[in-house]
Amino acid sequence: MNDISKRTYFALALAGILLFGIAAFVVRFFLYSDRWVTFSGSPHVYSSGNLNTGVVYDRSGLQLLDTEDGRTYAADSSTRRATVHLLGDREGNIPSQILSHYASTLVGYDKLSGTNHSSGTGELRLTVSAQVQAIALQALNGQKGTVGVYNYKTGEILCAVSSPSMDPDNPPQTVDDASGLYVYRMFHASYTPGSIYKLVTAQAAMETISDIETRAFTCTGSTVINGETITCPKAHGQLDFKQALASSCNCTFAHIALEVGARKLSEVSERIGVTDSFEFDGLYTKAGQFDLSGADDNALAWAGVGQYTDLVNPFQFMRYMGAVANGGSAAEPYLVAQAVNNGSVKYRAHTAMTGELIDERSAAKLQQMMRYNVEAIYGTWNFPDVQVCAKSGTAETGGGSNTATFAGFVLDSSYPLAFIVVVEEGGAGSSTCAPIAGTVLQACINLMDGER
Ligand SMILES: [Zn+2]
């Protein structure tokens, strides 16, 4: 081979490498360029870690945020406080994962023309109502906690408020670390569930113990399991399955958990999503926990009444409530209805269904039992206009502190709403949380009536 043909091959090899490189770039450009443009360090798109381009509206068309020229929030302080965990703040202490997720649409990025403001401002329409969120934040009255409500037929989240909150136009100069001000509790916190977890144990019992609904139980106020005592606040006496749930009898549910067994309780906990993290609209929710590895019978009994090392995330439990209300499977919840750029819809939410979290027959039975809870214990006066089904929880979190929880749904095809209320250091679940749930559900009903 002479020198000329060697050079020819060498040149051809170089040209081949160059062509391969260009081809690889083009492929990556079309796959990833919108991410490159909207990466979180891009000064054209972000300031202090939060998105800088686009307008965000609530479900009623109320403008919540214009991110151009330094972030203009809603005019009203209570609206700003009720929505800051969704939108993020100027300093980037509260990140908005939703805005980041839809950044390329909001920025008006185009693969051919690039990032270009003349291509129009992005618009994001959320499913939440700022008015309902403000009412929920007010109902929480400065207590630490969260309120979530969603439509289990469509998946629209109407309310996902986190407290304490702050006014992004007037942020606090110093922040108490223990307050968790920057944490979006609905999606990024997990709690000891307490007695709302008896719903999960009841479901597991209905799936394994054929005569559970006709059993008779006796509560003497305490029971010894594996050498340690499990107690009730008082002796509940003779109870059937429905009354044991309504009275939230620890002794009865401890023995039900033992009979159901660790494997079945773990299987049901996984099926309903307790151990999962959910991803939607750029949010990654915090996974809960149901871990009985190495647990003795006493630990199993406590786990079955929502104590031990159990943890649930408010969003995932609200989703489970939707599935119970809807006969076993419900719409997957979401926060973004649509994203628009330059007048054209770039993204529109579609209703997707969960798998079967509970079988239809057990769901119907739980609906009846949770309705009985409201009629017999919590009081229908908290929910005058609609048929609410619910379960309360008062979780012991150590140091004499309680987390109050209240979860359930409206059984009404006109108002298919599932909800959860959590109040940290909140005392008893029903007395603290039921009035909050009543106030927020009424606000949702008024909103839905107004939209018809
Ligand atoms: Zn009892």
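**Exercise 1. Determine which residues of helix α7 are buried, and state what follows for the helix.**

Step 1. In α7 the buried residues are Lys 198, Leu 199, Val 200, Thr 201, Ala 202, Gln 203, Ala 204, Ala 205 and Met 206. Here buried means under 20% relative accessible area, with exposed over 50% and partly exposed in between (1.4 Å probe, protein chains only). Helices (H or I, at least four residues) and strands (E, at least two) are DSSP runs, numbered from the N terminus.

Step 2. Helix α7 spans residues 198–208, and nine of its eleven residues are buried, so the helix is largely enclosed by the rest of the structure.

Basis of the values: the model is predicted, local features need pLDDT of at least 70, side-chain atom pairs count only at pLDDT 80 or more, and totals for chains, interfaces and linings use all residues. Residues are numbered from 1 along each chain as its sequence is written, and side-chain values use heavy atoms, with hydrogens and water left out.

**Exercise 2. Establish how strand β7 is covered and to which strands β7 is paired.**

Step 1. Strand β7 (residues 145–151) has seven of seven residues buried, so β7 is largely enclosed by the rest of the structure.

Step 2. On one side lie Gly 145, Val 147, Val 149 and Asn 151, and on the other Thr 146, Gly 148 and Tyr 150; all are buried, and both faces are thereby covered.

Step 3. Two strands pair if DSSP finds at least two bridges between them. Six bridges join β7 to the antiparallel strand β8 (residues 157–163), where Ala 160 is the bridge partner of Gly 148.

Step 4. Five residues lie between the strands in the hairpin of β7 and β8, and Gly 155 takes a positive phi near 95 degrees there.

Step 5. Seven bridges link β7 to strand β19 (residues 417–424), again in the antiparallel sense; Val 421 of β19 is the bridge partner of Val 147.

**Exercise 3. Characterise the cavities of 30 Å³ or more.**

Step 1. On a 1 Å grid over the protein atoms alone, a cavity is a set of points where a 1.4 Å probe fits but cannot get out, and a pocket is an open set with protein on both sides within 12 Å along at least five of seven lines; lining residues have an atom within 4 Å of a point. Grid points are joined across faces, edges and corners, and a volume is the space filled by probe spheres set on the points.

Step 2. Two cavities meet the threshold of 30 Å³ or more. The largest has a volume of about 40 Å³, and the second largest about 30 Å³.

Step 3. The lining of the largest cavity includes Phe 383, Asp 385, Leu 441 and Ile 445. Helix α14 (residues 429–451) gives the largest share, four residues.

Step 4. Ala, Val, Leu, Ile, Met, Phe, Trp, Tyr, Cys and Pro count as nonpolar, Asp, Glu, Lys and Arg as charged, and the others, Gly among them, as polar. The lining of the largest cavity has six nonpolar, three polar and one charged residue; that of the second largest has six nonpolar, two polar and no charged.

**Exercise 4. Describe the largest pocket and its lining.**

Step 1. The largest pocket holds about 420 Å³ of space.

Step 2. Of its 23 lining residues, Ser 195, Lys 198, Pro 233, Ser 248 and Thr 394 lie nearest the centre.

Step 3. The largest share of this lining, five residues, comes from β17.

Step 4. By class, the pocket lining has seven nonpolar, 13 polar and three charged residues.
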